[in-house]
Amino acid sequence: MKKPANSSGQSSKGGLLSSLSGLVPWVDLESVVRVGIFFVVGLVGALIVGWIIFPMVLYSEQPQPINFNHPLHLDPERVDGIEGETKSEKCLFCHPFREDGSFGGIPKTEKCTECHDDPESPLGESPSEKEFLTGFVAEEKEVPWLVYSKQPDCVYFSHIAHVKMGGLECSTCHGKHSETEKLPPYEKNRLTGYSRDIWGKRISAIYFSQEPYDRMKMDDCAACHTKKGREENNACFVCHK
Ligand code: HEC
Ligand code: HEC
Ligand code: HEC
Ligand code: HEC
Ligand code: HEC
């Protein structure tokens, strides 16, 4: 016999369980539910450790020596003198290719002093400019920038092949870096010493062929080569010289 429907505001769980027990009397539903709850709690716990706590412990954070604001420097209303018609030409003003085709990387203080030439007279009001002027321009020192995308030494990567020959935009691989006003901390993997930007924000990450890339592991490099019909670059000695 079925119990009457739960119309009197009684605990519906007990009612439901015993009515189900009535249908399958040889199964102890109470303990099935209890085991199920333990399983779910255990699973959630493992996921929290694996997806949140482990990655937090795995990476150490280091702030950049000073802040650098890309969008401010790329805004002609605020900074005059970054040459170039298009956005990518403006990038090349500070990140140029040298005569021999090698990539200049992050600009030296010398490039900045084309504008920030007098440590005594800042161009704006921001404290980070003062830090830059007193700490580096006046001292004639280089800023020890931490390179987010730095690959291990065994990897060979050429910008000219990708940007000039491959015709790829900077943002394809570097995402929105040039749109961030405040630099994120540099995150270093405690086990491998690699930057988090290589192995990705999610350690569980598998390749979704999404652009922009949020990581640059071996499989990501190779997946794009395959996508662009450049499988010939997926031999070990092409990326590892
Ligand atoms: C006024 C000079 C200047 C201009 C113009 C400029 N950059 Fe930069 N860029 C820097 C400096 C300084 C750094 C080092 C600090 C940092 O990480 O942002 C940097 C760092 C970067 C990095 C980080 C590389 C890494 O892995 O750590 C990327 C990516 C980048 N720039 C892309 C661009 C792009 C794309 C443009 C054009 C839209 C551009 N930059 C224009 C000065 C410039
Ligand atoms: C073409 C001229 C020019 C060049 C080249 C240039 N800057 Fe600037 N920069 C400016 C001007 C102008 C401002 C002030 C803008 C404002 O506050 O409106 C500024 C502001 C700054 C600030 C303060 C930004 C903030 O967060 O408010 C820092 C720090 C800075 N520059 C660092 C650098 C560094 C490092 C380089 C070299 C990689 C560099 N600049 C190259 C013109 C330049
Ligand atoms: C196909 C992907 C890709 C594209 C496109 C690309 N980069 Fe990079 N970039 C990388 C990788 C990978 C590294 C790390 C290289 C290494 O460690 O040897 C890097 C490193 C850098 C660095 C740091 C270099 C250093 O060691 O100081 C800067 C700055 C940079 N890129 C800017 C740019 C700019 C500006 C553009 C567009 C003109 C661009 N990148 C286009 C993948 C790319
Ligand atoms: C978004 C697509 C894309 C990504 C990501 C990418 N590549 Fe490439 N790569 C290309 C294309 C396209 C070419 C062919 C360029 C040409 O010669 O026209 C190429 C060519 C190359 C070459 C041969 C050219 C040379 O310099 O000898 C090497 C080596 C290479 N890639 C290494 C890498 C490495 C290492 C990474 C990851 C850190 C990477 N690539 C990520 C698209 C990509
Ligand atoms: C398309 C470029 C590319 C190709 C092709 C490639 N690799 Fe890599 N490899 C990388 C990059 C980028 C890394 C660093 C990021 C990572 O660990 O995924 C790496 C890392 C490694 C490492 C780890 C090195 C360390 O210091 O941790 C080994 C080992 C390695 N590769 C071996 C190989 C072998 C063997 C092949 C051929 C079967 C190969 N690779 C083909 C790009 C490539």
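The paragraphs below go through a predicted model, beginning with its overall make-up and moving on to two ligand shells and one loop residue.

The protein, which has 241 residues, contains 11 helices and 2 strands. Followed along the sequence, these elements come in the order α-α-β-α-α-α-α-α-α-β-α-α-α, a pattern in which the two strands are set among the helices. As for burial, 6% of the residues count as buried. When contacts between residues at least 6 apart in sequence are considered, 52% of them join residues at least 24 apart.

With this outline in place, the reader can turn to ligand 2. Around ligand 2 there are 23 residues, of which Gly81, Cys112, Cys115, Gly124 and Ser126 come nearest. Several elements take part in this shell, since at least two residues each are supplied by helix H3 (70-73), helix H5 (109-112) and helix H6 (127-137), and the largest share, 3 residues, is that of H6. Sorted by class, the residues around ligand 2 are 11 nonpolar, 8 polar and 4 charged.

The shell around ligand 3 can be read in the same manner. Here there are 19 residues, and those that come nearest to ligand 3 are Gly105, Gln151, Leu168, Cys170 and Cys173. Two or more residues of this shell are given by each of helix H4 (87-94), helix H7 (159-165) and helix H8 (170-174), with H8 providing the largest share, 4 residues. In terms of class, the shell around ligand 3 is made up of 9 nonpolar residues, 9 polar residues and 1 charged residue.

Helix H8 also leads to the last stop, for the loop between H8 and strand E2 (186-189) is where Pro185 lies. Is this residue buried, or is Pro185 partly exposed? Pro185 counts as partly exposed because 14 other C-beta atoms lie within 10 Å, whereas a buried residue would need 20 or more and an exposed one would have 12 or fewer. Which residues does Pro185 contact, once its neighbours within four places in sequence are left aside? The contacts of Pro185 are then with Glu61, Gln62 and Pro63. The pair formed by Pro185 and Pro63 shows how a separation in sequence can go with a short span in space, as the two residues are 122 residues apart along the sequence while their C-alpha atoms are 4.5 Å apart.

Methods: Residues are numbered from 1 along each chain as its sequence is written. Chains are lettered from A and ligands numbered from 1 in the order in which they are written. This is a predicted model: local features need pLDDT of at least 70, side-chain atom pairs count only at pLDDT 80 or more; totals for chains, interfaces and linings use all residues. A residue is near a molecule or strand if its C-beta atom, placed from the backbone, lies within 6 Å of it. Ala, Val, Leu, Ile, Met, Phe, Trp, Tyr, Cys and Pro count as nonpolar, Asp, Glu, Lys and Arg as charged, and the others, Gly among them, as polar. Two residues are in contact if their C-beta atoms, placed from the backbone, lie within 7 Å.
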